[in-house]
Amino acid sequence: MTIPRTTLGTAAPLTVSAQGLGCMGMSEFYGTGDEAEATRVIHRALGLGVTFLDTADMYGPFTNERLVGAAIASSAQGRDGVQLATKFGNERLPDGTRVGINGRPDYVHRACDASLERLGVDVIDLYYQHRVDPTVPIEETVGAMAELVAAGKVRHLGLSEAAADTVRRAHAVHPITALQTEYSLFSRDLEDDIWPVLAELGIGLVSYSPLGRGLLTGAITAESDLAADDSRRTAYFPRFQGEALDANLALVARVRAIADRLGATPGQLALAWVLARSGRDGVGVAPIPGTKRTAYLEENVGAGALRLDDDVLAELETAVPRDAVVGGRYGDMSSIDA
C-alpha cells in the first residue's frame with residue numbers, strides 16, 4: 001500500500017508520512033534491543049513509505065541517534081526523502097545518569113551539534129525541546145532554537161509535552177511546526193486545552209504512544225508478557241500495574257471485539273482512530289508508533305487501510321470513555337509542563 005502524506009503546521013509546514021516510526025524502544029526502556037533487527041525495521045519502514053523517523057539524544061543514551069543515522073545511511077533510499085526528528089532537553093551522562101531538564105541557550109547549541117554528529121547528517125528536519133525546563137523562560141530556549149534554523153542546522157522546530165500557554169509563548173518567538181505529546185484512545189486530555197491552541201496557531205500534532213505503550217495492541221495480557229528489564233513493569237507506568245492493568249485490559253477487549261468485526265487487529269483499529277483525527281479543525285496529526293520488530297511495523301502500516309466511519313468512531317469512544325482508563329500516564333508527572 002502507499003502511505004499517504006500529512007502536513008504538520010501551517011506557518012512553518014513540514015510534510016511527512018502520515019504514519020511515522022518511533023525508534024526509542026530499539027535502544028532502551030522496552031527490553032533488550034537488537035541493533036541488526038532495528039536496522040532491518042528502519043529499512044523496511046522506509047521501503048514502505050514510512051519516512052518520518054523519530055529519535056532523541058537521551059535514548060540509549062546517545063546510541064539511538066547513532067543507530068538511526070547509520071540505518072538511514074545504509075538504506076536504499078538514503079537521506080533524501082526522510083523526515084528526521086530528534087530532541088534535546090533531557091540531559092543524561094553516557095552512563096545513563098539523568099542530569100535533569102536543560103533548556104539553557106548554550107546547551108541548545110551544544111546538544112544540536114552533538115546530535116548532528118551522531119546522526120551523521122548536516123541538518124535535522126524537526127528539532128524538539130523534549131521537556132520544558134521550568135527554570136528557563138521558553139522564549140530563551142526557543143530563541144536559541146531559532147538560531148539553529150538561521151544557521152541551517154535545523155529546518156523546523158517542535159516542542160514535546162508542553163502546556164497550551166507554553167506553546168503559545170514559544171510560537172510567538174518562532175513558528176512551531178509540531179507539538180509531540182502522548183495521544184491515543186487511552187490518553188485524550190490534550191483535547192481540552194491544547195488541541196484548540198494547535199488549531200488556532202496552525203501547529204501539527206505528533207502522537208507518541210498511539211498504542212498506549214503496547215496495551216492497545218492486545219499483545220499484552222499480563223505483566224508476565226513483559227521482559228524483566230522492561231520499564232513498563234515499574235511503578236513509573238501505573239497503567240501496567242495490578243488492578244489497573246486488569247481494568248485497562250478489559251477496555252482493550254472491547255476494542256478487540258470491534259476490530260474483529262472489521263477484520264483488523266486491536267492495534268490497527270487504535271492507530272486508525274488516531275489517523276482519523278488528522279485534519280480535524282485543521283490540525284495535521286502524525287502518530288509515531290514504536291516497534292523493534294518488522295512484523296509489528298507491517299501490522300501498524302496496515303492500519304492505514306482502515307477507513308472508520310462516524311458510527312465506528314462513536315462506537316470506539318463509547319467502548320473506551322475518556323475517564324475509563326485506570327492509572328496516570330506516568331507515575332511521576334513532574335517533568336510534564338502544566
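Begin with the second largest pocket of this predicted model, whose volume is about 440 Å³. Select Asp189, Leu190, Ile194, Arg329 and Met333, which lie closest to the pocket centre among the 25 residues of its lining. Two elements, β10 and α6, each give two or more residues to that lining. The largest share comes from α6, with three residues.

**The cavity**

Turn next to the enclosed space. The structure holds one cavity of 30 Å³ or more, and the volume of the largest cavity is about 50 Å³. To display its walls, select Glu182, Gly212, Arg213, Phe237, Pro238, Arg239, Phe240, Gly328 and Arg329. Arg329 should already be highlighted, as one of the residues closest to the centre of the second largest pocket.

**Aromatic pairs**

How many aromatic pairs does the model contain? The count comes to six. For one of them, select Tyr183 and Trp195: the ring centres are 6.0 Å apart and the planes meet at 45°, so this pair is classed as tilted. Tyr183 belongs to the loop between β10 (176-182) and α6 (190-201), whereas Trp195 is part of helix α6 itself, so the contact ties together parts that are twelve residues apart in sequence. Are these two residues buried or exposed? Tyr183 and Trp195 are both buried.

Now keep Phe237 from the cavity lining and add Tyr330. Phe237 and Tyr330 form a tilted aromatic pair, with 6.0 Å from centre to centre and 45° between the planes. Here the link joins distant parts of the chain, 93 residues apart: Phe237 is in the loop between β11 (204-208) and α7 (242-262), and Tyr330 is in the segment after α10 (310-319). Both Phe237 and Tyr330 are buried.

Return to Trp195 and add Trp273 to the selection. Ring pairs join Tyr183, Trp195 and Trp273 into a cluster.

**Charges over rings**

With Trp195 still displayed, show Arg280, which lies over the face of Trp195 at 5.4 Å from the ring centre. A second arrangement of this kind involves Arg232 and Tyr30. The charged end of Arg232 sits over the Tyr30 ring, 4.3 Å from the ring centre.

**A hairpin**

Switch to a cartoon view and select residues 90-101. Strand β6 (residues 90-92) pairs with strand β7 (residues 98-101) in the antiparallel sense, over three bridges. Which residue of β7 stands opposite Asn90? It is Ile101. The two strands, β6 and β7, form a hairpin with five residues between them, and Gly96 in the turn has a positive phi of about 100°.

**Salt bridges**

Side chains of opposite charge can pair when their charged atoms come close. Across the whole structure, 24 salt bridges are found.

Select Arg40 and Glu37 for a salt bridge inside a single helix. Their side chains meet at 2.9 Å, N to O, and both residues lie in helix α1 (residues 35-48), three residues apart, about one turn of the helix. Their surroundings can be compared by accessibility: Arg40 has a relative accessibility of 46% and counts as partly exposed, while Glu37, at 14%, counts as buried.

Move to Asp113 and Lys153, which form a salt bridge whose closest N and O atoms are 2.8 Å apart. This pair links distant parts of the chain, 40 residues apart, with Asp113 in helix α3 (residues 105-119) and Lys153 in the loop between α4 (138-150) and β9 (154-160). Asp113 is partly exposed, with a relative accessible area of 36%. Lys153 also counts as partly exposed, at 26% relative accessibility.

For a salt bridge between two helices, select Arg261 and Glu315, whose side chains meet at 2.7 Å, N to O. Arg261 is in helix α7 and Glu315 is in helix α10, so the pair ties together parts that are 54 residues apart in sequence. Glu315 is partly exposed, with a relative accessible area of 29%.

**Last stop: a network**

Finally, select Arg188, Asp189, Glu191, Asp192, Arg277, Glu317 and Arg322. Salt bridges that share partners join these residues into one network. The network leads back to the start of the tour, for Asp189 is also among the residues closest to the centre of the second largest pocket.

How values were computed: Residues numbered from 1 in each chain as written. Predicted model: local features only at pLDDT ≥ 70, side-chain atom pairs only at ≥ 80, totals over all residues. Heavy atoms only, no water. Phe/Tyr/Trp six-rings, centres within 6.5 Å; stacked < 30°, edge-to-face > 60°. Helix = DSSP H or I, 4+ residues; strand = E, 2+ residues; numbered from the N terminus. Buried < 20%, exposed > 50% of the residue type's maximum accessible area, 1.4 Å probe, protein only. Lys NZ or Arg CZ within 6 Å of the ring centre and 35° of its normal. Pairing = 2+ DSSP bridges. Salt bridge = Lys/Arg side-chain N within 4 Å of Asp/Glu carboxyl O. 1 Å grid on protein atoms, 1.4 Å probe; cavity = no way out; pocket = protein on both sides within 12 Å on 5 of 7 lines; lining within 4 Å. Points joined across faces, edges and corners; volume = space filled by probe spheres on them.
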